[in-house]
Amino acid sequence: MAAETPTVDTPSAAIPVAATPSIPDVPLRRNRAYLLLTTGRFAQAIGAGVGTFAVPLLAFELTGSVAQAGLISGIGQVGALVATLPAGVVADRVDRRRLLVLAATTGTALWVTALVAGLAGALSGWHLAAVLFGSSMVSAFVNPASGGALRAVVPPAQMANAMAVNQGRMAAVGLFAGPIGGLLYGMAHVLPFVASVIGHAVEAVAVSLVREPLNRERTELSHPLADLREGLRFVGAVPLFRAVLVLITLLNLTAISLIVVVNLELVRTGTDPRLIGLVDACAGISMLAGAVVAGPIVQRTRVGRFGLLTIGLLVVALAVMALAPTYWVFVSMLAFGVFLYPALNAGFTGYLTVIVPDRMMGRATSLLGLTGLIAAPAAPVLGSALLEGLGIGASLWVMVGAMVCVLLALCCTRPLMRIGKPDTWAADVVEWPTPRTPSVTRSEAVRPLTSRRPRR
């Protein structure tokens, strides 16, 4: 028997945004709003990546302490963690265009202070830490708002291709931000901050030029904690989201721990640092290549089944590395194991963007994004502990076991396995009731994810 959906103490019913036009069904390359949003996001991401790369190097130069440099770099993770849940609530309550422009402008101002202080020779470690903390908080507000903004300008049938393009751009950021940051830092230590300033400024200008409304409905200005509780109830009520919180956390923990274990093992065995960098570069090139073919793959394959293939390839790669833990095996198997990840991310992220109600996008994105924030600081600790306690071979076999568990869980998670191709996603939109209709049951609220429809 289905339980009644709990009511929220302070009502936060949806406020429709008037005069919202239908989304134009034009190719993405001719969708002006989409091009502006993604160009701004890419510029911000690569600028922030370049600046963040230089932070620990400059922090060590300023403090002369590895421990203090690490502390300054770690402060950024704290900023994102603190702001993530409040950012989701804010993104559902305010105009997304204004929020994105304000966040980008704030990021620009923060990096300008670091640039000016660096040019004046007055930059301190704590000033650098404050800039990194603020920049990570800005990113926490941008992420939930940008997902809803993208949904407002991209038709559901094109969302998979849009996400595939985003995966390619983010893979390029991961691949090139470090080398660009290193090149600029070698020329002048404050030059990476110039890239950060430009990146955030480009995003502010690009988003401000978008004419289309980026909200379709917003929550009432009720108590923020009431909105947050509603978001928690929403994520907890949908079986798919509950499964994602567990499986993606385990997947992220294993994937990040794998990189840490491999890099530490190569350091421990005296491998040339340039060769260690080649391992990460080859994995990045593989993901970039995977992002190029992600769009056609997602259009032709059911996301659930494709997820099994993606995790299966990683299990094979991990097993080969465990059997022969040598340098060139690490290089080849890491590239092999991550090749399909961009397509899986594009398909799954695109599906979530389509099915989540507009008024819940910010909160759902923030809550589901906690999986990455949990894994980022925990994975290095876990990976180094495994390597020190068990050695490289046993550590890799532990990861094989973890990925086999994820694979089996995927097979048994029906909401994941029944995700279809992009042309069926719009039929799965979650109908979340407002507190003013408490007679609607939780099973009715998530009916599109539990009802049967013809397979395609």
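How far apart should the ends of helix H12 be if its twelve residues each add 1.5 Å? Select residues 327-338 in this predicted model. The expected span is 16 Å, and the end C-alpha atoms sit 17 Å apart, which agrees.

Stay on H12 and colour it by accessibility. Nine of its twelve residues are buried, so the helix is mostly covered. Among them are Tyr327, Phe330, Met333 and Leu334. Trp328, by contrast, belongs to a nonpolar surface patch with Leu275 and Leu278. Together these three offer about 290 Å² of accessible area. Click on Leu275 next: this residue is part of helix H9 (residues 273-292), and its relative accessibility of 35% makes it partly exposed.

Now for the charged pairs; the structure has three salt bridges. Start with Asp92 and Arg363, whose side chains meet at 2.7 Å, N to O. Asp92 lies in helix H2 (residues 66-93) and Arg363 in helix H14 (residues 361-412), so this pair ties together parts that are 271 residues apart in sequence. Both residues are buried.

Keep Arg363 selected and add Glu230, which is also buried. Their closest N and O atoms are 3.0 Å apart, forming another salt bridge. Glu230 lies in helix H7 (residues 224-237), so here the linked parts are 133 residues apart in sequence.

Move on to helix H8 (residues 239-268), where Arg268 and Glu265 lie three residues apart, about one turn of the helix. Their salt bridge has a closest N to O distance of 2.8 Å. Glu265 is buried, at 10% relative accessibility. Looking back, shared partners join Asp92, Glu230 and Arg363 into one network.

Finish with the cysteines. Cys282 is partly exposed at 21%, as is Cys405 at 48%, and the structure holds zero disulfides.

Notes:
Residues are numbered from 1 along each chain as its sequence is written. This is a predicted model: local features need pLDDT of at least 70, side-chain atom pairs count only at pLDDT 80 or more; totals for chains, interfaces and linings use all residues. Side-chain values use heavy atoms; hydrogens and water are left out. Patches are made of residues with over 30% relative accessible area and no salt bridge: like charges are joined within 9 Å, nonpolar side chains (Val, Leu, Ile, Met, Phe, Trp, Tyr) within 5 Å. Accessible areas come from the Shrake-Rupley method with a 1.4 Å probe; for residues, only the protein chains shown count as cover. A salt bridge is a side-chain nitrogen of Lys or Arg within 4 Å of a carboxyl oxygen of Asp or Glu. Helices (H or I, at least four residues) and strands (E, at least two) are DSSP runs, numbered from the N terminus. Buried means under 20% relative accessible area, exposed over 50%, partly exposed in between (1.4 Å probe, protein chains only). A disulfide is a pair of cysteine sulfur atoms within 2.5 Å. The expected span of a helix is 1.5 Å times one less than its number of residues.
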